[in-house]
Amino acid sequence: SAKAILGVDLGSLYMKVALVQRGAPLEIVTNMHSKRKTEQMILFDQGTRFYGADASSLLARKPTLTPVAMSIMLGRDENHPTVKVLSDRHYPLTPLYNETRKGLYLSIAGGKHEFTPEELTAMVLNYAEEITHHYGKEKGNT
């Protein structure tokens, strides 16, 4: 069976997913809401993770449970100008520095969860894979 290639354009606030299959043109994957552009955010609520538009719809009510724009923080420390811009924009989750791990982390739900930007980005990329599988099933592929 032919293998497919998944491409992800991971912007600062949104992501787009592309699928390349043998003998077919490049396709932009639509998410579960039939949108080509997906918000790069995760909502942690009562043991469940919500991604994209589902997280965005609850962002105003649960800002301290919803990290956004985590790719901006990748490989940076808390003093980096780009990270400081998040605080200037009233980002509800303050990036903190973990001396042991030598990197940033976000404390979510009052310290109930702590994740690095890399861990959060990995969750978003896993979601990109999930929406691609869902898209393939809608198209008749598995």
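**Exercise 1. Locate V20 and classify its exposure.**

*Solution.* V20 belongs to strand 2, which covers residues 14–20. The model under study is a predicted one. In this model, V20 has a relative accessible area of 33%. The partly exposed class lies between the buried limit of under 20% and the exposed limit of over 50%. V20 is therefore partly exposed. Next, consider the surface around this residue: together with I5 and L26, V20 makes a nonpolar surface patch of about 280 Å².

**Exercise 2. Determine whether Q40 is buried or exposed, and list its contacts.**

*Solution.* Begin with the position in the chain: Q40 is in the loop between strand 4 (38–39) and strand 5 (42–45). Its relative accessible area is 1%. Because buried means under 20%, Q40 counts as buried. Then identify the contacts, leaving aside neighbours within four places in sequence. Q40 touches L10, G11, S12, L13 and Y14, then P67, V68, A69, M70 and S71, and also V124.

**Exercise 3. Describe how strand 5 is joined to strand 6.**

*Solution.* Strand 5 and strand 6 (residues 48–51) run antiparallel and are joined by 4 bridges. Within this pairing, I42 is opposite Y51 of strand 6. The two strands form a hairpin with 2 residues between them. In the turn, Q46 has a positive phi of about 50 degrees.

**Exercise 4. Work out the arrangement of the sheet that contains strands 7, 8 and 9.**

*Solution.* First establish the order: the 3 strands form an open sheet, arranged 7-8-9, with antiparallel pairing. The edges are strand 7 (96–98) and strand 9 (113–115), each of which pairs on one side only. Neighbouring strands of this sheet are turned against each other by 40 degrees on average, direction ignored. In general, strands of a sheet pair through backbone hydrogen bonds. Between strand 8 (residues 103–108) and strand 9 there are 3 bridges. One of the residues to inspect is L106, whose bridge partner in strand 9 is F115.

**Exercise 5. Place helix 3 relative to the sheet and assess A122.**

*Solution.* Helix 3 (residues 117–138) lies across strand 8 and strand 9, and runs at about 90 degrees to strand 9. A122 is part of helix 3. The relative accessibility of A122 is 42%, so this residue counts as partly exposed. Finally, compare positions in sequence and in space: A122 and M41 are 81 residues apart along the chain, and their C-alpha atoms are separated by 12 Å.

Definitions and conventions: Residues numbered from 1 in each chain as written. Predicted model: local features only at pLDDT ≥ 70, side-chain atom pairs only at ≥ 80, totals over all residues. Heavy atoms only, no water. Buried < 20%, exposed > 50% of the residue type's maximum accessible area, 1.4 Å probe, protein only. Contact = heavy atoms within 4.5 Å. Pairing = 2+ DSSP bridges. Axes fitted to C-alpha atoms, helices over the stretch in contact; angles between N-to-C directions. Patch = residues over 30% accessible without salt bridge, like charges linked within 9 Å, V, L, I, M, F, W, Y side chains within 5 Å. Areas by Shrake-Rupley, 256 points an atom, 1.4 Å probe, with all protein chains shown as cover. Salt bridge = Lys/Arg side-chain N within 4 Å of Asp/Glu carboxyl O.
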